[in-house]
Amino acid sequence: MLAKHQHICPRNCYDTCSLISTTYNGVLLSVEGNPAHDYTKGKLCPKAMSDIQKVYSPSRIRYPMRQRHRFSGDWERISWDEALEQIARTILRLKRTHGSTLPLALNKYSGNFGALHNAMEALFSGIGPTTRAIGSPCWSAGVDAQTIDFGRFRCSSPLDMAHAKLIWLWGVNPAWTAIHQMPIIFDAMERGTTVVCFDTHLSATAARSHRFIQVRPGTDGLLALAMGKVLAEENLLDPDLPNYTLGYHDFLAYLDSEIRVERAATITGVEADTIRDLAREYGQTHPACIWAGFGLQRYTNGGQTLRAIDALGALAGHIGEKGGGVQYGHFETWKFSGLGHTEPSQAKANPVVGKNPSDRALNINKFAAAALACTEPPVRMLWLAGRNPLSQDADLHLWQKLMNQLEFIVVSDLFLTRSAAAADIFLPVTTHYEHWDLHASYWHYWVGVNEPAIAPVGESKSDLEIAWRVSAKLNELEPGSCTFPTSGSEKETLLRELSPELLRLLRLQSPKEILLQPLKANLPPASWAQRQFATPSGRFEFRSEKAVQAGFPALPSYSPPLSPPPEAPLRLLTPHHSSALNSQSYPPDTIPNGYTLYVNPELAESYGLNEGAPAEIANDLGAVRVRLAFDLSIPRDVVIVYQHPAELKDSCLNVLLRSHTTDMGTIATGAPGLALNETFVCLRRLTGSVQRLSPNP
Amino acid sequence: MSKQLGFLHSSEKCVGCRGCEMACKNEYQTDAAPRWRQVFQLHEERYSLPTRMFFSIACNHCANPQCLKVCPVGAYTKRDDGIVVHNRDRCIGCRLCTMACPYDRPQFNHAKGKVEKCNLCYQRLDQGEKPACVAACIPGALELVEITAELDQKLGVLKTLPGLPTPALTNPSIRFIGPKQGKQIRRD
Amino acid sequence: MGTVEWPLVLFTVLGETSIGILLALWWLDRTPLDAGLYRKATLTSGALLGLALVASLFHLGHPEAAYRALTHLGSSWLSREILFFVLAALAWVYLFLQISRPNGQRRVAAGIAGLLGLFGIVSSAMIYVLPRVPAWNSAQTPLFFLLTTGLLGALSLLFLGWKSLSPAQMAGLMYWSLGCVLSSLFSYILYFSQLTGMSPEGLATAQILTTSPLFWLRVITNWGAPLILLLPLFKRKRSFNPNLLLTLLVVSGIGEFLGRALFYLSAVGIHISALK
């Protein structure tokens, strides 16, 4: 029998597509986009279209397993009861031994962004004060910057970009990472809108823009400030500034005294005349929209960069404009109840903050180092859910050390990931075709329900089901040891997740109405249209007391990014590829064989390396084998590897990554972000043969 | 033959996401190896500036299909609307069509011992739907069109792109809108 | 494309040898020919033809459905090839029946089988005359296939009949073989010069050939050695050394197999040249 079900793609992605699956007698046949959605419009990106292969992949783990020795691959299938028993007994023993539940650590993030996946946090809260990974590896600095400037972190509806006469895509590559924005941009171009793309490299988006402006990595903030100075010099400032902003005189004075356009040109790599032309066009065109990407702020000065761009938007009067503004992301629709066991995540730019005040909070980006440093009591058990830190985190040497020291490691996942290789117990989880869930987007305004279309594959269980069962086992062994529910209905739990505020935003009388179809929240299409801001002053704050309290300059200011050390002179950038999202690769079982390093041909020549030559990039932390590919558009001080997962036998790219953190992040997400674009390497010739590499990730 | 259906591909709008490839795989749940549709990146040395331009190729349902000509079992037929249909039930896996097609679009599936290719979703077309690849293309780069003299006279419509075999071989039913280049202000 | 298609190499070279033997028999049968040799040669030809047809099945993804290959005679040279080879095989059965009879029409039968086989070989060659593959798309392809037929047919019969053939018959076969080797050599030189001046694909084929050790082995076995080995035979027409004849056949056979393997291996089709 044919049946259709609605789903939401749960990836950490701008588009958060609405899907409809077709099943025949309980087996998935196909997935397509849900045409009821005005942003994703019934179309899917290539990643979602290989979902069925992923659900039924032979490499998917279908049973709980126990590993005799970590990293040995010596797995044995066990029953759920055995797994739960071992987990619960270990938790209770550690609690007894240390007289505390703090030795238990949870590290979970965005493997699946569904609200019911917060069950893992709620489970740990039910056990007692525990050690938690907090913050975000992604967008923390930018979120703080926007929180400082606007008071809240929100963006216009992505459809609003259609009204812009000028679109600046700044450090964002929607062609590969938010593809549903492309038809909106193309349509605008056909109606005469000018599109300018600022990036460190010629992306697929940049190649389709009217102009591509190549900026030296980490200097975008200075470029924005220099353009702000041009606006001031050429009387292109919004005359209304005194009415809705705070501190603009101070800011103009800063620009006047500290910023020199010619000097900025030298540092940013963008010629002074170009800076002036761009500033004039931006100042004279209304509406003009800036979309600031996440890569921009993955530097040690990332928060300041975003503040400078926000300030530029304000100076030109584009904030609050229909089709204008500085768009970055939002969290307005993430009003979930937190499963009753975590602090609701309202106003927190992080779905997984949900911690108790008594928890021990460790920055997710420095988790290994921080966990190793915990002494009273030490961290003894780690549960990884929706995370693959051994592939995606910094400080892998510290992670390795931590994994070797811990007494007990549980990994719940779909596949035997690089991190799962460290597990003592592996728990198989369900995909979004096998469980109920509730999803919001951080880019568009839609919220929707995910229905199960098929029975769980093998013995896999949802995070919520796992949390119930762990709690049940804990209470069986020691009554009262966990306050998280021990059973329930996924669907009912989901309905309770719709907070009153979310119901209001979605204009719902009763939560059940959400079950019918995805809904668009009732938010103004253009943010800050009234120019009433959520800052303490109620104005756009060029000068912010909040920033000062957090230890930053009151004004958006330029501080340089890190400089490469002499022994590692090349900056390594690792943008997303269109076929993969971090270590979540699509389709499964098609991991590219090795990394390709894109370099300027002249740079390669100076190392005596030909195209296709095997080589190695290295720094003081490690080395990774690469195959060279030439790209004329890459400058000679930058090299690029498009991020994708690596085979377990090969060393992964992140061995090169140190946990430099961004300047900002603590205010809104709880911890600074990861400054991963501040990674430096040297290029080395490699003698001997490297296995043949597949053509493209 | 009353008409000739084909594809119109805009390299200006195609961002190389391979959604069309995956939509095809999603529609037919095909094995990983044969790629009925494939996205290629244009060689950049053929342009004055790096282009990041792509084109997407499936069976071109040629006016002069070499596959149909060489096939010893008559597995290929050309419909009234110009679609070159490959009947897998008749195929004996001699692979001659894979040697004859300059676009490498009939591909041999080693696991099944037969050749496979795009049949332009004729069963969807017959029900008034678009081919899966066209329906899935988010930026609207891929269209189903009727190949006509008027189409070829339109400004900007190209019969081939650098890197493609000369259309003289098979008279493929695909047209292109070539890449436009924006201004690139690059640093050294 | 660009792979050694062993089933096809075996099928074409063995099939051509088989038909070559029949044609050589038919040609020599103008003058008296020993019945024992006739029988031996016919059986050899039949065995080779059988082997060839079996080998061809290994090329197919679905050999059990090979019969369907006869159904597109209108435009498919492969269909025609199969038709002619099947007819040649039937004619061979007829030939076999004729030689088993005292007054059988063996020359007519051999002629029919040989002619049908020849059509098969030309059809076989025409399969590869594809506009897509510049290295194949010329009259050279049927010429190569026919020269293989001529050379290996004649050399096989020379070896099989070294005892019973008359000196004139031996000389005829030798001159014929020499003609085939020289034609092969000169036509190949012409082919090669066309390749390099033709197209990027032709140039790629030429590069694959010259950089392959197999090609240089072919130069030795297919042209060098036969010429060197044939010369002493012309000098000492009366005392044929069977070992020398066997060596000549084996070396030339290796040369022809290599030549055919390289034919497939070095084929470069016009294709999409872009990053995948």
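Colleague: How many residue pairs are in polar contact between chain B and chain A?
Modeller: There are 17 such pairs, both residues at pLDDT 80 or more. A polar contact is a pair of N or O atoms within 3.5 Å; within protein, one must be able to donate a hydrogen and the other to accept it, and residues adjacent in sequence count only if both atoms are side-chain atoms. This is a predicted model, in which local features need pLDDT of at least 70 and side-chain atom pairs count only at pLDDT 80 or more, while totals for chains, interfaces and linings use all residues. Residues are numbered from 1 along each chain as its sequence is written, chains are lettered from A and ligands numbered from 1 in the order in which they are written, and side-chain values use heavy atoms, without hydrogens and water.

Colleague: And how many salt bridges are there between chain B and chain A?
Modeller: Three are counted between chain B and chain A, a salt bridge being a side-chain nitrogen of Lys or Arg within 4 Å of a carboxyl oxygen of Asp or Glu. One of them joins the side chains of Arg187(B) and Asp637(A), at 3.0 Å from N to O.

Colleague: What area do chain B and chain A bury between them?
Modeller: They bury about 3200 Å², 55% of it on carbon and sulfur atoms. Buried area is the accessible area (1.4 Å probe) that two parts lose on being put together, summed over both. Arg52(B), Ile138(B) and Arg187(B) supply 27% of what chain B buries against chain A, more than any other three residues.

Colleague: How many residues does each chain bring to the contact?
Modeller: Chain B brings 33 residues and chain A brings 47, where contact means heavy atoms within 4.5 Å.

Colleague: Now the sheet: in what order do its six strands run?
Modeller: The order of this open sheet is E13(A)-E12(A)-E8(A)-E9(A)-E10(A)-E11(B), with parallel pairing. Its edge strands are E13 (326–327) of chain A and E11 of chain B, each pairing on one side only. Strands (E, at least two residues) and helices (H or I, at least four) are DSSP runs, numbered from the N terminus; two strands pair if DSSP finds at least two bridges between them.

Colleague: Over how many bridges do E10 of chain A and E11(B) pair?
Modeller: Strand E10 (residues 211–214) of chain A pairs with E11(B) over three bridges. There, Ile213(A) has Ile185(B) as its bridge partner. E10(A) also pairs with E9 (residues 194–199) of chain A, in the parallel sense over four bridges, and Val196(A) stands opposite Arg211(A).

Colleague: Finally, how many helices and strands does chain C have?
Modeller: Chain C has nine helices and zero strands.
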